[in-house]
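Q: Please take a close look at one part of this protein, its second largest pocket, and describe what lines that pocket. Some context on the whole chain would also help.

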Amino acid sequence: MPALGSAGREVSTSIRTPQVWLDHQVVEDAGALMVNWDVVEEIFPEGMIDAMFASYVDLLRGLCHDPQAWQRPSPVLMPDVDLAVRREVNATAAPLPTGLLHEPFTERATAHPDRTAAIAADRTLTYGELDAHTNRLGRWLREHGALPGSLVGVVMEKGWEQVAATIGVLKSGAAYVPIDATVPAERLRLLMEKAGISLVLTQGRVEKRIAWPDDTIRLSVDGPGAEALDAAPLTPSPACPDDLAYVIFTSGSTGTPKGVMIEHTGALNTCLDINERFGITEDDRVLALSALNFDLSVYDIFGVLAAGGAIVLPEPGDQREPARWAQLVTEHDVTLWNSVPTLMEMFTEHALGEGLADTLPLRTVMMSGDWIPVTLPDRIRALLPDAAVWSLGGATEASIWSILHPISDVDPDWASIPYGTPMRSQQFHVLNDAMQPCPVWVPGQLYISGAGLARGYLGDEAKTRAAFLRHPSTGERLYRTGDLGRYLPDGTIEFLGREDFQVKVQGYRIELGEIEAALAQCAGVRAAVVSAVGERHEAKQLVAYAVLDEGHDPAGAPERLREALGKTLPAYMVPQHVLALDALPLTANGKVDRTALPVPGAHADDDSAVVAPRDEIEAELDAIWAEFFPDASVGVHTDFFALGGNSLLAVRLMAGISARLNCSLPLSTLFARPTIASLAEAVRDAGSGLKRTALVPVRTEGSRPPLFFVHPVGGDVLCYAELASLLSEEQPFYALQVPDGLELTTVAELAAHYTGAITAANPDGPFRLGGWSMGGVVALEIAQQLTRAGRTVESLAVIDLLEPPGPADHAHVDDAVLLSWFARDLAGLAGESWEPKPDTFREAGGLPDALGVLHTEARQRSVLPPDVDAGTLGAIFDRFARNFRALLSYEPRPYTGPVRFFRAREGAPDAVVAAWQAYFRNATQVVDLPGDHYTVMQQPQLRRLADELTTWLDDSRPQSRHDKEGSQR
């Protein structure tokens, strides 16, 4: 080997390390570096590793040979061939239209005034009639001060009047602001005030029912006042192509709506691009399903009218009625479909069910605004075998659409429909945090540039600067969409979902779209949505919502779908709850309304779930619960755990009760009294000296021998709530917590007290014991004390014993060390990683001040909810410290009874497991479980633990006297 560098020749290498996706080795040999990648190439796309390695080696060589390279910004790590593909797909420049958004309509009206322009239930208008009526409206608006840059409100229900109003506003030179006629009065006032609107076009039926802001000047487009106005041609609009055409308000993350300002050129460019690309002509008709305040309506009106086609408008009450859509499509020869995917899916399912396959005149289907289920295109093709099906995307901030993709054959292995390539005079970029292009296959932020970009957000320069920026190298103006995507080798972009749909659950970063795609591929699933439920600073649970195909039983669907997802997704991505819905809730724009999705367990099976508070105490408790479960429908009989309550949430709840009702309740009260009604009883009983006792009955019913689980080092047992619920309904479950009023300072003292409580509850045995972490050690001591007393211990389950057997030298374990370990536990339970150094707390002075430091830092790191005060935290730490000292002092003895050691793969080290096995003399079996020391007790890993525990207990049942007696009855 020493001669390798001077005369040796490498024949082969053998790397004796764990096999991972990519193992990088660097070895110095004869004054040079040998760089090697050991790769499982089968899991990477073809060519990806070669491109990565080539770029990496080029970078290393540059750093070796050019000293200045170390001072320059990081280079773009992409092969030139990929950059060339990127440039090619973005080479979309073309002459921009020079007119205004409405002018192609006026040209069509002059050339063909008798052609049909708009069809509604109560009126059909020709181009000539629509042109005349819009002249009336434009003239009225000019007379009332409308100018370029002015904003005119259009507050209407679906109808021909919307078409007339928007064209009329543009003829006046102003820009229109569509506002839903059903918004609350305060919302209407807010939008009009934010946009500075004083002029409003509306409908007679809407005008009468709305409480309008003072000083609003209104005209009912369908009223006699409008019909009486002069319809003579107007002089051309005074607006220029770079003036505003419309402002559409979108939801803001802060709760304040954002007004997106779109100019004529951008919107007209998109409309004409679609018309030319899809061959839209005067023979085409569109079913205008989208609300006017959703930008798909811009194409429905101005795109179709620019081509000389006609707009078919459903009645206001039929915007969610696929049966009526089918009638309109058939009756009026609708050829063009333009909607969000959910509406097309509703239409497709209805039409196929009615036997309308291959009978409808639709020739072009455009879907945008949301995920397209990978199963939907084939369903559309079954209904419309000759139709062209397109996916379009972009943002309201970029003039309707900026990217598109023709959907032909769909690979069943696809996670999603490709996003596509940029449209005319628009560009798409996938950039990293340094604003550099991401290599092929690498996810990044999606940015749009080009002719479609909005001017910005109305009256909000700060938000405009944050979303619309200049590229630091090219100077190109960009819009940051907040979406994630990646380039594929052919220059197509794959859409990966919203950045804000990326959530962190149990420490893992999860893209909800990935789970949705996997769920949509499960047999019998027509549509699917996944959400992360939980407070911002609390542990979250994944919840899946599925709409099933006909013939699939919703009763068995949740378990079936969870099992199917478990075969394709890692355990931490399998939703804890799957709810089968008849349909997904939709917003007014036809997108999935995630805020309206039901919260698991928020609704009981009977009317008791929505019983309102009946007295002052219940009302106060209801107000506290509303803070923790803002999206749930909570009644006085709604179960805390069914709503997703957990240990930290319970601490906050009890702290809230203590602060607002001046009543301190033991945390375990929630086990016995998990509803507002029963908690109210506990509050009333508190005056009689309610104290925390050791034994906590979690489930007392069931035919099997009871299972007793001991608390971990924190002394509380709410961590076992969900475990108990996942076991068989026939499995009684009791938990053992640190009681009030007793100084139990050793493991032996704790075990002796708990043994008394166990034998009182189950005098005849047999005994089944268990515990997580320190709880497993105390359960071992209980088993030994019961065995010495001649009692039968049938099973002992220990879960991830993290500390080695003692006694340990704990002379160095002062309060500062314990505070450091306590912080580690708090962070682990919150899905975070944090273990401050003990000196952090020593420098604070005494224990009270050190606790204050911990309290402040824990809240800043979001490992402790902000409403847990320092006093509550101090009480929890006192139990933690006393128990940990007891654990460190404990010297176990060998145990010969049956033991099952459940170990988290990322938890207890092998050496610790082996050390404990030396004390278990009866062929202990170690069961490896996914997760770490903390997540092993959280979903979805917890279900695996529950299943393994149930199987083991079932296997031991025939040997139990309890079971034999049961079989004789």
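A: The pocket comes first, then the protein around it, and last a single helix residue. The model is a predicted one.

The second largest pocket holds about 700 Å³ of space. Its lining is made up of 20 residues. Those nearest the centre of the pocket are Trp21, Trp441, Pro443, Arg486 and Glu514. Three elements give two or more residues to this lining: strand β22 (477-487), strand β23 (493-498) and helix α15 (512-520). Sorted by class, the lining has 13 nonpolar residues, together with four charged and three polar ones.

As for the setting, the protein has 969 residues, and buried residues account for 53% of them. Its secondary structure consists of 35 strands and 30 helices. Of the contacts between residues at least 6 apart in sequence, 69% join residues at least 24 apart. The protein exposes about 41500 Å², and 50% of that area is supplied by carbon and sulfur atoms.

One residue can be described individually. Glu681 sits in helix α20, which covers residues 676-685. Glu681 has a relative accessible area of 44% and therefore counts as partly exposed, since that class lies between the 20% limit for buried and the 50% limit for exposed. Glu681 and Glu618 are separated by 63 residues in sequence, while their C-alpha atoms are 9.2 Å apart in space.

How values were computed
Residues numbered from 1 in each chain as written. Predicted model: local features only at pLDDT ≥ 70, side-chain atom pairs only at ≥ 80, totals over all residues. Heavy atoms only, no water. Helix = DSSP H or I, 4+ residues; strand = E, 2+ residues; numbered from the N terminus. Buried < 20%, exposed > 50% of the residue type's maximum accessible area, 1.4 Å probe, protein only. Contact = heavy atoms within 4.5 Å. Areas by Shrake-Rupley, 256 points an atom, 1.4 Å probe, with all protein chains shown as cover. 1 Å grid on protein atoms, 1.4 Å probe; cavity = no way out; pocket = protein on both sides within 12 Å on 5 of 7 lines; lining within 4 Å. Points joined across faces, edges and corners; volume = space filled by probe spheres on them. Nonpolar A, V, L, I, M, F, W, Y, C, P; charged D, E, K, R; others polar.
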